[in-house]
Amino acid sequence: MKTETIAIHAGNHTDATTGAVIQPIVLSTTFERLEDGSFREGYIYSRSANPNRTALENVLAKLEGGEAAAAFSSGNAAGMTVFQSLKPGTHIIAPDDMYHGLRNQLKQLFEGILEFDFIDIDNTEVLQQHIKPNTGLIWIETPSNPLLKVTDIKKVIAIAKQHGIKVACDNTFATPICQQPLALGADLVMHSTTKYFGGHSDLMGGALITAKNDDWWQKISNVQQMGGAIPSPADCYYLVRSIKTLPYRMRGHVHNAQLLAEFLNTHTKVERVLYPGLPTHPNYSVAKEQMNGFGGVLSFCLKDGPEEANRVINKLKLFTKATSLGGVESLIEHRATMEGPDTKTPFNLLRISVGLEHIDDLIDDLAQAMR
């Protein structure tokens, strides 16, 4: 099936009891045993499995082309589950601009338990130099948040396979509509489903999708079920509903982001625009090869520094000054302030989650704010 069909059908089935076309929300926390002690459909207790979560995990796995998926209460919970599945002492290589929430997890919660290095992962020589005998995982994030760096997935995976190292990819910015890391050889994909999968800034979730249902995946599944950081049945239901429009929403986000990036790229007050869809992006050729669309997030730096960034952000009328991304409404934020004192983000940078408003209105709003 094509992506649009998967998005609509893989997370839903007609209710056998009532004939309801849309699968109902099953709120029960526990399930009745039959006379022989078995369970209908195999459901025992909602922490371990629930019909709505099963539906969500099925559509997530099929969209990413994986064998199995696990849904979580947040993207951070999904990332933490990966780290918890590793043996103590495992060495992780991660990007030097890794999403600050997961970077802080490693630095604050796993210090002394796991080893980790944050490097320029796209530099082959640097990557090779940091591989150790106990390196068990290379974590990539492409495009990255908020610098929109693009990692050559195939190149990293080729190096990882030489050393028997697993590769996990944070695919949140791209979604499976724009990029499929498992098809490029990655072992695991992570998403904050809060973002584009949810798409309306009104629910929180995370997901992991595996290429193979192997021993590592069983460890991840055990952490999910025993740790219990799972989404509610209602959140699973609304995510499945939102995913049905994901392919079409992403086309709108990508279209608007491209045109907005091109507008900003020619503006006299803009120092540089960070967006994989611009030929000026340092890894534009890589992005064209491994992505089906360049995503709906862009960042740009203003020539006059953080003071100008603050002035512009406060003059905007359509863009909401708020954290997060992936909703139908356009959001903007001064990312360095959000990330804290150890941020690597330039203080003259503004990050935009480009929404689905008419592109002319978005350009007009930015134009008036930068006058």
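**Salt bridges, a helix crossing and some unusual backbone spots**

Arg335 is buried, with just 2% relative accessible area. That figure, like the rest of what follows, comes from a predicted model. Side chains of opposite charge can pair when their charged atoms come close. Arg335 has two such partners to look at, Glu333 and Glu339. With Glu333, the salt bridge has its closest N and O atoms 2.4 Å apart. Glu333 itself comes out at 5% relative accessibility, so this residue counts as buried too, the cut-off being under 20%. With Glu339, the closest N and O atoms of the salt bridge are 3.2 Å apart. Here both residues sit in helix α13, which spans residues 335–339. They are 4 residues apart, or about one turn of the helix. Like Arg335, Glu339 is buried. The pairings also carry on to Arg351: a network of salt bridges links Glu333, Arg335, Glu339 and Arg351.

How many salt bridges does the structure hold? The total is 12. One of them brings together the side chains of Lys212 and Glu67, with an N to O distance of 4.0 Å. This pair ties together distant parts of the chain, as the two residues are 145 residues apart. Lys212 belongs to the loop that runs between β7 (206–210) and α8 (215–227). Glu67, for its part, is in the loop between α2 (51–64) and β1 (68–72). Is Lys212 buried or exposed? Its relative accessibility is 52%, and because anything over 50% is classed as exposed, Lys212 counts as exposed.

Helix α8, which follows the Lys212 loop, also packs against α3 (residues 75–84). The axes of α3 and α8 are 9 Å apart and make an angle of about 125 degrees. That angle is neither in the range of 65 to 115 degrees, roughly perpendicular, nor over 145, roughly antiparallel, so the two helices are oblique to each other. The crossing of α3 and α8 is right-handed. On the α3 side, the contact is made by Thr81, Val82 and Gln84. From α8 come Trp216, Ile220, Val223 and Gln224. By residue type, the contact between α3 and α8 has 4 nonpolar residues, 3 polar ones and no charged ones.

Gln224 turns up again around Arg53, a residue of helix α2. At 3% relative accessibility, Arg53 is well under the 20% cut-off and therefore counts as buried. Setting aside neighbours within four places in sequence, Arg53 touches Ser46, Arg47 and Ser48, along with Ala71 and Gln224. Ile230, Pro231 and Cys236 are also among the contacts of Arg53.

Next come a few backbone details. Which peptide bonds leading into Pro143 and Pro146 are cis? The bond from Thr142 to Pro143 is cis, with omega near -10 degrees. Asn145 and Pro146 are joined by a cis peptide bond as well, where omega is about 5 degrees. Pro143 is located in the loop between β4 (135–141) and α6 (153–162), and Pro146 is likewise found in the loop between β4 and α6.

Positive phi values crop up at Thr175 and Ser324, neither of them a glycine. For Thr175, phi is about 65 degrees. This residue is part of helix α7 (residues 175–178) and is buried, at 0% relative accessible area. For Ser324, phi is near 95 degrees. Ser324 is in the loop between β10 (320–321) and β11 (331–333), and with a relative accessible area of 22% it is partly exposed.

Last up is Val354, in the loop between β12 (349–353) and α14 (359–369). Val354 is buried, with 0% relative accessible area. Val354 and Asn256 are 98 residues apart in sequence, yet their C-alpha atoms are 6.6 Å apart in space. Beyond neighbours within four places in sequence, Val354 is in contact with His253, Asn256, Ala257 and Leu260. Further contacts of Val354 are with Gly296, Leu298, Ser330 and Leu362.

Technical notes:
Residues numbered from 1 in each chain as written. Predicted model: local features only at pLDDT ≥ 70, side-chain atom pairs only at ≥ 80, totals over all residues. Heavy atoms only, no water. Buried < 20%, exposed > 50% of the residue type's maximum accessible area, 1.4 Å probe, protein only. Axes fitted to C-alpha atoms, helices over the stretch in contact; angles between N-to-C directions. Parallel < 35°, antiparallel > 145°, perpendicular 65-115°, else oblique. Left-handed = near helix turned anticlockwise from the far one by under 90°. Contact = heavy atoms within 4.5 Å. Nonpolar A, V, L, I, M, F, W, Y, C, P; charged D, E, K, R; others polar.
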